[in-house]
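Grab a pencil and keep the structure open beside you. Below are some short exercises, each with a solution worked out step by step.

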Amino acid sequence: MTGTVNDSLLPHPEEGLLTVVAVRHHRHRAALLRPFVTAARRTEAVEYVVAEVELAGGTIGQGSAAETVAVTGESAASIAGAIDGPLRQALEGTSGTITELSARIAGALERASSAKAALEVALHDAWARVCDQPLVELLGGRLEDGLLNDMTISLADPPVMAARAREAAERGEQILKIKLGHDIDEDRRRLAAVVEAAPSVRLRLDANQGWTARQAIEIITGFEAEGLPVELVEQPVPAADLEGMLQVTSAVAMPIMADESVWTVQDARRLVDAGAADLLNIKLAKTGGIRGALAIADVAQEAGIDCMVGAMMEPRISITAAAHLAIAHPAITLIDLDSPAWFASAVPAGGYEQDGAWLQLTGGPGLGLERLPATTDALRAES
């Protein structure tokens, strides 16, 4: 496997060109089965935007971006505005290789990483559909490979988190991602309740930047002394605190994963060069799409560091794209792609299936998803 796309697999290999004839978008709102709570935010419904790229010949690809104001600074309105404005202007009516067109998206405007990701995924979906291959294969991976997914237990009182953990274990989940917060004593009680309720599962802890370096070292060394089945601790300190990340990584035995600290390939290099993280969490909504994600994974591979592909509270289109990316690159050995299980509706159909904790792509060209129309019975389109 490699993270490098082979342009010889383009639909017109003698030219190596794709022509974009139209860029569109439509908005949706999806209710969650229950509130999703972290140290940073509470979510009860997800506003998201579907981006569409139509190629010459009529092939259409789709990508999506969820409103994540607390993380990326983007609302559904700003995502839609970016797609309909500078991103459409940069892409519509142009021709180039998949790499060249992706670069046009990346350079169209500053920030707007979720909007860029939605459009770049739509471009890749369309490209792979024209090639009549699953995207994972064009990215160098194998359709038959899969990965163990986790299930998130969102932030709540200890008894509630314990009940959710027990339910997840009974459904066959093998790995639980436990959201923790700003109060380390309460976090200890939360984790103790989860371990008692689901003693057979493996745990990943996510503080969502909620601790200082001193607090992180104190609580993590305590978990180590208790011999808790913790695989990793994600983003224990604020994103900009590189020194704090280094202090924690150096002081504890548990692997420390950078999430909010790594958005770009430059961030990845800083973390790797400083030895400030044992693992990197790649999210398409942070990287601006597949190309930026592959570049980060390449940096990690060169350094001998494994990666996770994660997501925020994002819809099925986004999660399917992330799964194709994860299975394609050898440095990506972990996934955190459970958000569709929180949605009250499961659209569009296809893409992947999950048997217990095992996530497997289902095949078909592109992302392997049915096309999501502008309105559905399950989702309310927003103007």
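**Exercise 1.** Decide whether Asp206 is buried or exposed, and find which lysine it meets in a salt bridge.

*Solution.* Start with the accessibility: Asp206 has a relative accessible area of 1%, so it counts as buried. The cut-offs are under 20% for buried, over 50% for exposed and partly exposed in between, using a 1.4 Å probe and protein chains only. A quick note before we go on: this is a predicted model, where local features need pLDDT of at least 70 and side-chain atom pairs count only at pLDDT 80 or more, while totals for chains, interfaces and linings use all residues. Residues are numbered from 1 along each chain as its sequence is written, and side-chain values use heavy atoms, with hydrogens and water left out.

Next, the partner: the side chain of Asp206 meets that of Lys177 in a salt bridge, 3.5 Å from N to O. (A salt bridge needs a side-chain nitrogen of Lys or Arg within 4 Å of a carboxyl oxygen of Asp or Glu.) This pair ties together distant parts of the chain, with Lys177 in strand β7 and Asp206 in strand β8 (residues 202-206), 29 residues apart. Strands are DSSP runs of E with at least two residues, helices are runs of H or I with at least four, and both are numbered from the N terminus. Lys177 is buried too, at 2% relative accessibility.

**Exercise 2.** Which side chains make polar contacts with Lys179?

*Solution.* First, place the residue: Lys179 sits in strand β7 (residues 175-179), and its relative accessible area of 6% makes it buried. Now look for polar contacts (N or O atoms within 3.5 Å; within protein, one must be able to donate a hydrogen and the other to accept it, and residues adjacent in sequence count only if both atoms are side-chain atoms). The side chain of Lys179 has one of 2.7 Å with Asp206 and one of 3.1 Å with Asn208.

**Exercise 3.** How far apart in sequence are Arg190 and Asp187, and how far apart are their closest N and O atoms?

*Solution.* In sequence, they are three residues apart in helix α6 (residues 184-197), so about one helical turn separates them. In space, their salt bridge has its closest N and O atoms 2.7 Å apart. Check the surroundings: Arg190 is buried at 11%, and Asp187 is buried at 0%. Elsewhere, salt bridges with shared partners join Lys177, Lys179, Asp206, Glu234 and Asp336 into one network.

**Exercise 4.** Compare that with Arg88 and Asp84: are they buried or exposed?

*Solution.* Neither label fits, because Arg88 is partly exposed at 26% and Asp84 is partly exposed at 41%. They form a salt bridge of 3.4 Å, N to O, and both belong to helix α1 (residues 76-91), four residues apart. Counting over the whole structure gives 25 salt bridges.

**Exercise 5.** How many residues make up the largest nonpolar core, and which helix gives the most to it?

*Solution.* Recall what to look for: buried Ala, Val, Leu, Ile, Met, Phe, Trp, Tyr and Cys residues joined through side-chain atoms within 4.5 Å. The largest such core has 117 residues, and Leu176, Ile178, Leu203, Ile220 and Leu280 have the most contacts inside it. Helix α3 (residues 113-131) gives the most, with eleven residues. Another core, of five residues, lies apart from it and includes Leu232 and Leu334.
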